[in-house]
Every structure is written in structure tokens, then in C-alpha cells.
Amino acid sequence: MAFFKNAKQPLGIFLYNIRLSTCSRHGYSTWATKGTSFAQSTDTKASKTAYLYWVSRRFNSQAASSAEQMSLIKQLRERTSAPIKDVKASLVDCNWDIEAAQKELRKRGKVLAMKKSSRTATEGLLALAQNEGKAAVIELNCETDFVARNEIFEYLALALAKKALFVQNSSQQIPGVFSFGPECLEDLKLNLDHPKISGETTIQNAVTEVAAMMGENIKLRRGVVMSTSSHGVVSAYLHRCPRPGLGRIAGILSLEVENEISQLDALQKVGSELAMHIVAAKPLFLTKEGVTSDVLNNEREILKSQQGDDQGVLLV
């Protein structure tokens, strides 16, 4: 019962009573004796005040230490965008050294990113980059729509699209159009200038580092580059565009004129409107030559069945 009674008291008083009872057993105090002198009472009050001050200082120092740790967690979280549990674990392992924890977090994140590379990534964005007479579109995939809206993911997608403008290949099946896979870009150098990801690195390492930050599988799937002659323009349209240069569906086309272009802006506007209609129509093939024989046979069968139904209706 005495324990529960003491539990209702403030923690400092409770600890002091325990210490005081211990001192009494060793003959250091006669505070509970009727014959206690005034000097002993004064010493006891001073001792009690000093002890409570010590307890208060101890709790205040612990609170300050917790505040510093929370500040370090917040700083490292802002630097890396890594999950809070991973940030705290790295700081604890590195004895709350933020620079060492940041390096450890990057190493740990890259290992996890490699482990997650086999997971399905069906979300993501298309990024568009254009210069005079050329346009490039790349597809960057992730696992969730939440990551697709992240500013670091968006920044990486735009940086990859700008780099894709310099991809060239002479073996183009369609004049002025070159489709490529991720292997064409992975080893190229990329200069990043973002508060959370910067410096010169390869495209493959940049994708891995962003995947480590996001905690998801991120991959560059494919891309296409379209160019035109000096008498033409390349126009593009992006559907569901969260910010300039990004979207979920893209349409690009080139328009050429016989003579020198006199009204470039008007021609590009027409091209953008045509690209928008192409996105709405969702064509399966770019050219007549690209249509496979299986698709042609299926379409013929559908037309024959429709004609037979019409004839049946007419006979009735």
C-alpha cells in the first residue's frame, strides 16, 4: 500500500523520499526524531531543495537531448526524403552523426532498391523535351501514384527526357522516328541539380538512387525521339499534365511544308491540336505498313459479320 501511496506523489518527491530513507538507515539524518535541532532541519531542507534541483536538471537535459534528436531526424528526412523509420535507424547506428547517417542511408537504400527491382511498376509519368526540330518522350515507371507525384521523381523524368534528345540511331524503321529501350540511356552521364539529388552520375545510378529514396521499384521503360527536316516542325500534346513537360498520355507528330516556314507558331499550334486528336483516337499503328496481317484478318471478319447481319435485317 505504501508503494501506491507514494506513486501519487510527484516523481521528484518520490525519489527524494527513497534517498532520504536510505540516508536515515545509515544515521545521516534524524529528521523524523522529535529532538531534531534547528540546524539539522535547515540542512534537511537545503538537501531536499538541492536534490529536487538535480532531478529537474536531469529531466531538462533529457528533454533537450530528445529535441536535438528530433531536429536531426527532421534534417535528414528533408535531405533524403527517406522513410522516417529508416532515417532514425541510420542516425542511431551512426551515433547521431548526420553526415555519416546520410551516407549509410544511401548505401542501405541502394541495396533495398536492388532487391525491389523485380517488383511490378505500372504507375509513372511520360516526360517530354523539345528543341528546334526534335522532340523526345520517355516513360519512367514506379509502383504507386503517390511516388509519381513526388517532385524528385518528376525532376528525374524531365532530366531523362532532356538527355534523350541526344540519342541517335541510323537504323530507323520510320524516317525521323527512333524508338529505344533503357539500355540506350543507362550508361550516359547526367548532371543533376536538385536540393536532394545533385552531381554528375550515370542515368542508371540516378534511377537507383531515386528508387532508394522513394522505397519503390523505379525503372526507365522506353523512349522515342522524333525529328523533322528544316522545312518542318515537331508538335506535341500531353494529356493529364501535372506540370509542364509531364503527362500520362503523349502524342507527337511532325509537319513539313514545301517552302520555308513563314508562320512557325501557327504551324506548331495546328500540330498540337492534331496531336491532341491522335491521343483521343488512340491509334494502334503509326503507318499503314505497320498494320499486321492478323489485325487485317480480324477486321475483315468483323466487317463480313456486320454485312451478314445487315442483310439478315433487310430480308426480314
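Let's start with one pair of residues: L140 stands opposite L220 in strand 6. Before following that pair outwards, a word on what we're looking at. This is a predicted model, so local features need pLDDT of at least 70 and side-chain atom pairs count only at pLDDT 80 or more, while totals for chains, interfaces and linings use all residues. Residues are numbered from 1 along each chain as its sequence is written, and side-chain values use heavy atoms, with hydrogens and water left out.

Back to L140. Strand 2 (residues 134-142) and strand 6 (residues 219-227) pair in the antiparallel sense, over 8 bridges. Strands here are DSSP runs of E of at least two residues, helices are runs of H or I of at least four, and both are numbered from the N terminus. Two strands count as paired if DSSP finds at least two bridges between them. As general background, strands of a sheet pair through backbone hydrogen bonds, either parallel or antiparallel.

L140 has a second partner too: in strand 2, L140 is the bridge partner of L125. Strand 1 and strand 2 pair in the antiparallel sense over 9 bridges. In their hairpin, which has 2 residues between the strands, G133 takes a positive phi near 85°. Moving on to strand 8, 2 bridges join it to strand 1, and the two run antiparallel. Here A127 stands opposite L246 in strand 8.

Now zoom out to the whole sheet. The sheet is open, has 5 strands in the order 3-6-2-1-8, and its pairing is antiparallel. Its edge strands are strand 3 (177-180) and strand 8 (246-247), each of which pairs on one side only.

What lies across this sheet? Helix 7 (residues 151-164) lies across strand 1 (123-131), strand 2, strand 3, strand 6 and strand 8, and runs at about 145° to strand 2. For that angle, axes are lines fitted to C-alpha atoms, for helices over the stretch in contact, and angles run from 0 to 180 degrees between N-to-C directions. A157 is a good residue to click on, and its place is in helix 7. A157 is buried, with a relative accessible area of 0%. Buried means under 20% relative accessible area, exposed means over 50%, and partly exposed is in between, using a 1.4 Å probe and protein chains only. Leaving aside residues up to four places away in sequence, A157 touches A127, I138, L140 and L246, where contact means heavy atoms within 4.5 Å. So that you can gauge another spacing, A157 and N141 are 16 residues apart in sequence and 9.4 Å apart in space, C-alpha to C-alpha.Over on edge strand 3 (177-180), we come to the aromatics. The structure holds 1 aromatic pair. F178 and F180 form this pair, which is tilted, at 5.8 Å centre to centre and 35° between the planes. Rings of Phe, Tyr and Trp (its six-membered ring) pair if their centres lie within 6.5 Å; planes under 30 degrees apart count as stacked, over 60 as edge-to-face and the rest as tilted. F178 and F180 are both buried.

Next comes helix 9 (residues 264-281), which has 18 residues and reaches 26 Å from its first C-alpha to its last, close to the 26 Å expected at 1.5 Å a residue. That expected span is 1.5 Å times one less than the number of residues. Within helix 9, L267, G271, A275 and V279 are buried. They cover an arc of only 120° around the axis, which puts them on the same side of helix 9; the arc is that of the directions from the helix axis to the C-beta atoms. What do the buried residues of helix 9 pack against? Their neighbours are strand 7 (232-239) and strand 9 (249-256). On the other side of helix 9, D265, K269, H277, A280 and A281 are exposed.

Two loop residues deserve a look for their backbone. Most residues other than glycine have a negative phi. K282, just after helix 9, takes a positive phi of about 55°. Its place is in the loop between helix 9 and helix 10 (293-315), and K282 is exposed, with a relative accessible area of 63%. R240 also has a positive phi of about 55° although it is not a glycine. R240 is found in the loop between strand 7 and strand 8 and is exposed, with a relative accessible area of 55%.

Finally, the overall picture: the protein has 10 helices and 9 strands, and buried residues make up 32% of its 316 residues. Among contacts between residues at least 6 apart in sequence, 58% join residues at least 24 apart.
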